[in-house]
Amino acid sequence: STGTPAYFLHAAEANHGDLGLIGKDDVIVAVSNSGESDELRQIVPLIKRQGAKIVVIAGNANSSLAREAHVFLDAGVEKEACPYNLAPTASSTAALAMGDALAVALLHTRGFSADQFARAHPGGTLGRKLVTLVSDVMRTGAGVPKVQIDATLADALLEITRTGMGMTAIVDRKERLLGVFTDGDLRRSLQRKADPSGTRIKTVMTTNPRTIRPDALAVTALEAMESRKTIQLPVVDTAG
């Protein structure tokens, strides 16, 4: 899900045919606490002969596997959590953390995006959050509050009341967005004692409002609204 195709190869099974899974362009990440695991030591020369590269995660920098590795990552621990200092408890956690760090480093290096993650991980709550687009949740048609640029303040107030969104878009004859008129604009207009029926909306609207495209992620729209402390965000196409 982080953009690096990978699969698990059991060291013991590799000795019985599964080495055929490995090609010359592969990178093998071998995990061993001692760095002396017999199953791995037996297949390392064969992997190298294939032309593949070997990264070893182990707890002993002087081990056989560490010496044979193209890259060695030290995951050594001073003491296991096991009371007898035998069962690989702390060391297994260190190896897991090292693997996570390696995956994240690859993610950054590859320039892997949240959108790509969503495509690889569409299931569950996380997936739905990441793959929901603005077009999936936006208002359309008559549900969109809008008035023409030559409308009056009174016209805008009626449109705001009709849709209950606390704002209206201001558009030209080709439906291109020119501005917005919000509750905040209304308060400022009233402070100036603007006449609703005689004031043109173009004189009190907010120009160049922040917008978003319909193919953007819904979570991106949410972040934009939260950062500006607003509950509305106009959605426009390439023509505005």
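Visitor: Among contacts in the protein chain between residues at least 6 apart in sequence, what percentage join residues at least 24 apart?

Guide: Welcome! Keep in mind that we are looking at a predicted model. Here 52% of those contacts link residues at least 24 apart in sequence.

Visitor: And how many helices and strands does the protein chain have?

Guide: The chain contains ten helices and seven strands. To judge the overall form, one can set the radius of gyration against the globule rule. For this chain the radius is 30 Å, well over the 18 Å that the rule gives for 240 residues, so the chain is more spread out than a compact globule. Along the principal axes, its C-alpha atoms fill a box of roughly 90 × 40 × 25 Å.

Visitor: How much of the chain is buried, and how much accessible surface does it have?

Guide: A residue counts as buried when its relative accessible area is under 20%. By that cut-off, 31% of the 240 residues are buried. The accessible surface comes to about 15000 Å², and carbon and sulfur atoms account for 55% of that area.

Visitor: Let's take one helix. Which residues of α8 are buried?

Guide: In α8, which spans residues 153-163, the buried residues are Leu-153, Ala-156, Glu-159, Ile-160 and Thr-163. They lie on the same side of the helix because they cover an arc of only 120° around its axis. Turned away from that buried side is a face with the exposed residues Leu-158 and Thr-161.

Visitor: What covers the buried residues of α8?

Guide: The cover includes three strands and a helix: β4 (146-148), β5 (167-171), β6 (177-182) and α9 (183-191).

Visitor: What follows α8, and what follows α4?

Guide: A glycine in each case! After α8 comes Gly-164, with a positive phi near 65°. After α4 comes Gly-111, also with a positive phi, near 70°.

Visitor: How far does α4 reach from its first C-alpha to its last?

Guide: The way to read a helix span is to compare it with the rise expected at 1.5 Å a residue. Helix α4 (residues 90-110) has 21 residues and reaches 30 Å, close to the expected 30 Å.

Visitor: One last stop, Ser-63. Is this residue buried or exposed?

Guide: Ser-63 is buried, with a relative accessible area of 0%. This serine sits in the loop between β2 (53-58) and α3 (64-68).

Visitor: Which residues does Ser-63 touch, leaving aside neighbours within four places in sequence?

Guide: Its contacts of that kind are with Ser-34, Gly-35 and Glu-36. Closer along the sequence, the side chain of Ser-63 reaches the backbone nitrogen of Ala-66 at 3.3 Å.

Terms used
Residues numbered from 1 in each chain as written. Predicted model: local features only at pLDDT ≥ 70, side-chain atom pairs only at ≥ 80, totals over all residues. Heavy atoms only, no water. Buried < 20%, exposed > 50% of the residue type's maximum accessible area, 1.4 Å probe, protein only. Helix = DSSP H or I, 4+ residues; strand = E, 2+ residues; numbered from the N terminus. Arc of directions from axis to C-beta. Contact = heavy atoms within 4.5 Å. Expected span 1.5 Å × (residues − 1). Rg over C-alpha atoms; globule rule 2.2 N^0.38 Å. Areas by Shrake-Rupley, 256 points an atom, 1.4 Å probe, with all protein chains shown as cover. Polar contact = N/O pair within 3.5 Å; in protein donor to acceptor, adjacent residues only side chain to side chain.
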